[in-house]
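Open your viewer and get ready to select residues by number. We will go from stop to stop, and at each one you will hear what to pick and what is there.

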Amino acid sequence: MKHVTRAALSILLMLLPTFAQNPPAKSTEGQVIRIGVDLVQIDVVVTDKSGKVVKGLSKNDFELYENGKKQLASFFEFVDTSKRVSQTTPRAPEATRPEASTSQQGPGAAEISRIFAFVVDDLTIGYEDLVNVRQMLTHFVDNDLQPGDLVAIVRTVGGKGLLQQFTTDRSLLHRAVAALTPVSHQLSAFNNPDPPKLNPTQALAGNLSVQNTSEQDGSIPNSDSQFDDTNKALRAFMSLGTAGFVIDSMKELPGRKSLILISGGLPVLSANSGAESTTISNFLNALTDRATRASVAINTMDIRGLKAFSGVAGFEDTPGRGALGVPASGQRSTTNIVNDPRNTGSGFGRLPDESLFGDKNPFDQLEAHAGLRVLSSSTGGINILDKNNFSEGLQKIISANDGYYLLGYTPVDSKFNGEFRRVDVKVKGDGLKVYTRRGYLAREDKSSTAPVTKQDQLLAAIKSPLARREVELEAMLLYKSAPKNQGAIDIDLVIDPEKLRFEQVDDKHQVDVDVAGFVYDQFGKLRGGFNQRLTASLVPGDYAKVRQAGLSYSAKTEVPPGGYQIRIAVLDNKTGGIGTLSRYIEIPDLSKGTLTASSLLLAAVPAQELKSEKPTPVSANRRISRKQDLRYAVMIYNAKQKEGKPQVRTQLFISQDGRVLFKQPEELAVPDGKDQSHLLKWGQLGLAGVKPGRYTLTLVITDPLAEKRSQTVTRSTDFVVQD
């Protein structure tokens, strides 16, 4: 069995202090695990033979042990997360689905049912296996994602910050899956092909001028080899480092969370002797403790699946290789044993030649699996190894999140000295499988300090993936092209007056709120924002209008092509209540000549007034009266031309709860001025006979002259019809 070289151990020792650092202060509200002298609380998942969570157990069915000593459970509770997961509503055909929800602030802590973080280890996953990763995650997003699920897809080295956040947005997750492509990195498994190896026949013929450099000198790592121990160790620890940072980011989220490490193996964790074993054991204990305190179970999956090894067929096909000069310990000699004149003929048998296995060495597979097993069993997770049906394996992990038991006890040994304490949980019953933590470091959880200043509160709310709902607000982002290939974004915000405090002074109503917004690019870099205090003293007439339509705020910005997220927070200075939301928007690159379009613009016009030249723009809450008509418009860019004329067609769909209620026949879009490549499509819908409720308007734009992969573009938005 191979061991970690000294270079890898030095990297590990540098990482350990980093992992031991405390994350920024966060709220502990909603945490599952608490560790202190007076109480240790731990989560336990119990499944039957079919992998389903077993419910209905009592405290008497459990036995708790810490360092072999039986503990008395003083707290017991079953948390049924399956009750909070509602069935997915029927969805409209693909072309008629909105790209993202634009009507809600996002999930608050009370609405979250399950939390999954997929860490894709693109340092150890081969190019051919990324296809399996994309297929599995696409199946998850399309079929397994439920309302209330919070999900992140994070890559070890190749990800973009904006696509690696926790979200409930299917479109954002689909973009993250699509971004799972090979990256160039000096440690990646598929960007460092090993130099050609000599087979034993060539070696016996005397062609020994080229040797396996990783064995020339055990102190010098072979930086060109993807199979070198140092490179494998670095890949493994970088992957675990990413997992550790994701764990820290999940600590503030409520309930028991699942991290799924999708990997090509962690062989470095299988070292089992000497200083290496001690260092790796300490590393695992620290990572296990972090996962325990963050209530995160680390599930592991080898995306390589079940491999068939093409070893040697039989003795007659085994190239002869003498074991002359093998040391008495049985270890391989670093000396050239064939041409070494010191060979005296002592020794017997033949040394295994790793070149016979190529990249399918079964011993490497076993080592890689050992690391994945250790990681999952230490944190109460599930390992999926030697399976080719990855969606089925993932379903086993998902099913284990339907519920868990919380057990609390006061340690018999109440002295916390920083040592690692092993925890064992036994459950009465036949055929039951128990998933729980291997243990924790005997140190108390440090109390988190809540943000004090107003600015700190806003920043903390902005950064959290959970929406704050003390103030209700809605936002609408509208894109249109701007000069110099820029994208102009209009940000319209409506704040619900019902959640604001208006203080009456004389005959006026006063309100005082702070509005802050941040614009992040696809790499997670801050590209701009706004911060303004809104104070108003409203006379009765204006106050009545605000009570009916809401308090409005708008901002504009121009950005280059790319994906962006706008995060907005509102603070009521009179109550301290905060409301947050985030919106994703993509700015197309018009210079590429690909068909694209602006956002859908909505406006209200008098009923049946087709010639109305002054429509009233629909605000961010997208509410419109049945007494009015709804006018929509979109700008279409980069239309192809045949004989100087474009042939772009559009088709309108109206849907509700996934059901298509209205489908308009296809229509031609008309040029907007002299530029035949820029088209305008607008229309008007009567609402007098429409029932009140929320609807989705989708416009499918098709250019038959464009390339097949870019012939269709869709734009969607929702709106509310009211009396």
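Select Thr702 and Thr712 to begin: Thr712 in strand β36 is the bridge partner of Thr702. Strand β36 covers residues 712–722, and β35 pairs with β36 in the antiparallel sense over 10 bridges. Strands here are DSSP runs of E with at least two residues, helices are runs of H or I with at least four, and both are numbered from the N terminus. Two strands pair if DSSP finds at least two bridges between them.

A word about what you are looking at: this is a predicted model, in which local features need pLDDT of at least 70 and side-chain atom pairs count only at pLDDT 80 or more, while totals for chains, interfaces and linings use all residues. Residues are numbered from 1 along each chain as its sequence is written, and side-chain values use heavy atoms, leaving out hydrogens and water.

Now colour all of β35, residues 693–702. Eight of its 10 residues are buried, so the strand is largely enclosed by the rest of the structure. Buried means under 20% relative accessible area, exposed over 50%, and partly exposed in between, with a 1.4 Å probe and protein chains only. Add strand β30 (residues 649–656), which pairs with β35 in the antiparallel sense over seven bridges. There, Phe653 has Thr698 of β35 as its bridge partner.

Next, move to strand β27, residues 628–637, where nine of the 10 residues are buried. Which strands join it? Eight bridges link β27 to strand β34 (residues 675–686), and the two run antiparallel. Pick Tyr632 to find Gly683 of β34 opposite. Strand β24 (residues 601–606) pairs with β27 in the antiparallel sense over six bridges, and Leu601 has Ala633 of β27 as its bridge partner. Strand β23 (residues 596–597) is joined to β27 by two bridges, again antiparallel.

For a change from strands, select helix α2 (residues 130–144) and helix α8 (residues 390–399), which pack at an angle of about 50° with their axes 9 Å apart. The contact (heavy atoms within 4.5 Å) is made by Asn132, Met136, His139, Phe140 and Asp144 of α2 and by Phe390, Ser391, Leu394, Gln395 and Ile398 of α8.

Finally, zoom out to the whole protein, which has 10 helices and 36 strands. Of its 723 residues, 48% count as buried.

How values were computed: Axes fitted to C-alpha atoms, helices over the stretch in contact; angles between N-to-C directions.
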